[in-house]
Amino acid sequence: DPLSGLLNRTSFAEALRQASWRHTCGGPDFAVLCIDLDHFKDINDTLGHHIGDLLLQAVAQRLKAALRESDTVSRQGGDEFVILLHESGQASELATLASKLMQELTLPYQLESHEFSISACIGIALYPNDGDDIDTLIRNADTAMYHAKQNGRNQFQFFAAEMNAKVSERVLLENRLRKAMAQGQMQLHYQPKVEIDSHKIDRKS
């Protein structure tokens with residue numbers, strides 16, 4: 001990745017394939033962590049894309065410094081980073097690492113004349129329990145990350161199978177709503193508030 005100096009999406013996919021091959025040969029379980037910065041768009045909109053780029057570079061440096069040399073860090077695009085932990089260890093160890101990464105990322109940034117803080121959300125998926133192929137593993141880590149955002153941001157979450165069920169249900173509902181709107185099957189009704197004593201409509205609400 002020319003901006004951050006980290007692996008890009010293609011190189012990271014190759015690193016995952018190698019980790020998967022080592023696993024089939026008796027190698028250790030590994031984990032994928034998807035990281036997305038909270039409200040990064042606000043930084044670009046208020047301080048400009050130049051400061052946004054400097055922030056991405058600073059985040060990349062902090063991630064590399066907080067991990068082992070054997071681990072792999074990638075920038076997938078925008079403000080999304082993905083980490084490959086070649087030895088995942090226990091869930092408690094992953095939780096400790098995720099907390100450490102979040103703490104590092106929330107430390108203040110001094111970029112040119114601007115000083116500010118930013119938080120992040122992390123989704124964690126383990127191979128092979130959460131996906132026995134590369135695409136599924138990354139997708140599930142990404143799903144866990146979005147669930148962390150929905151739960152309030154600045155937190156991490158492990159992937160759980162019911163997450164995909166909720167995502168599928170939401171996508172199905174959205175598709176049905178779009179179809180209903182396109183076919184004119186929806187109507188909008190207003191229900192006024194009426195004062196009991198005077199029977200007048202409350203026009204302030």
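Where is Pro128 placed? Pro128 is in the loop between E6 and H5, and we'll get back to that loop in View 3. A quick note on the model comes before the views. This is a predicted model, where local features need pLDDT of at least 70, side-chain atom pairs count only at pLDDT 80 or more, and totals for chains, interfaces and linings use all residues. Residues are numbered from 1 along each chain as its sequence is written, and side-chain values use heavy atoms, with hydrogens and water left out.

**View 1. Strand E6 is covered on both faces.** Helices (H or I, at least four residues) and strands (E, at least two) are DSSP runs, numbered from the N terminus. E6 spans residues 120–127, and eight of its eight residues are buried (buried is under 20% relative accessible area, exposed is over 50%, and partly exposed is in between, using a 1.4 Å probe and protein chains only). Look along one side and you'll find Ala120, Ile122, Ile124 and Leu126; the other side has Cys121, Gly123, Ala125 and Tyr127.

**View 2. E6 pairs with E1 and with E7.** Two strands pair if DSSP finds at least two bridges between them. E1 (residues 30–37) runs antiparallel to E6 over eight bridges, and Leu37 has Ala120 as its bridge partner. E7 (residues 156–158) pairs with E6 in the parallel sense over three bridges, with Gln157 standing opposite Gly123.

**View 3. A left-handed β-α-β unit links E6, H5 and E7.** Helix H5 covers residues 134–150. For the handedness, imagine the strands pointing away from you: a crossover is right-handed if the path from the first strand over the helix to the second runs clockwise. Back at Pro128, a cis peptide bond joins it to Tyr127, with omega about 5°.

**View 4. The largest nonpolar core has 34 residues.** A nonpolar core is a set of buried Ala, Val, Leu, Ile, Met, Phe, Trp, Tyr and Cys residues joined through side-chain atoms within 4.5 Å. Ile35, Leu55, Leu63, Ile83, Leu101 and Tyr109 touch the most other members. Helix H3 (49–66) is among the elements that supply at least two residues, and H3 gives the most, with eight. Zoom in on Leu63: leaving out residues up to four places away in sequence, it touches Ile35, Val73, Phe81, Ile83, Leu101 and Leu105 (contact means heavy atoms within 4.5 Å).

**View 5. Ala144 belongs to a second, separate core of 19 residues.** Val32, Cys34 and Ala125 are also among its members. Ala144 is in helix H5 and counts as buried because its relative accessibility is 0%. Ala144 and Leu33 are 111 residues apart in sequence, yet 9.3 Å apart in space, C-alpha to C-alpha.

**View 6. Phe156 and Phe158 form an edge-to-face pair.** Rings of Phe, Tyr and Trp (its six-membered ring) pair if their centres lie within 6.5 Å; planes under 30 degrees apart count as stacked, over 60 as edge-to-face and the rest as tilted. Here the centres are 6.2 Å apart, with 80° between the planes. Phe156 is partly exposed at 25% relative accessibility, and Phe158 is partly exposed at 28%.

**View 7. His39 has a positive phi, though it isn't a glycine.** Its phi is near 60°. His39 is in the loop between E1 and H2, and it counts as partly exposed because its relative accessibility is 45%.
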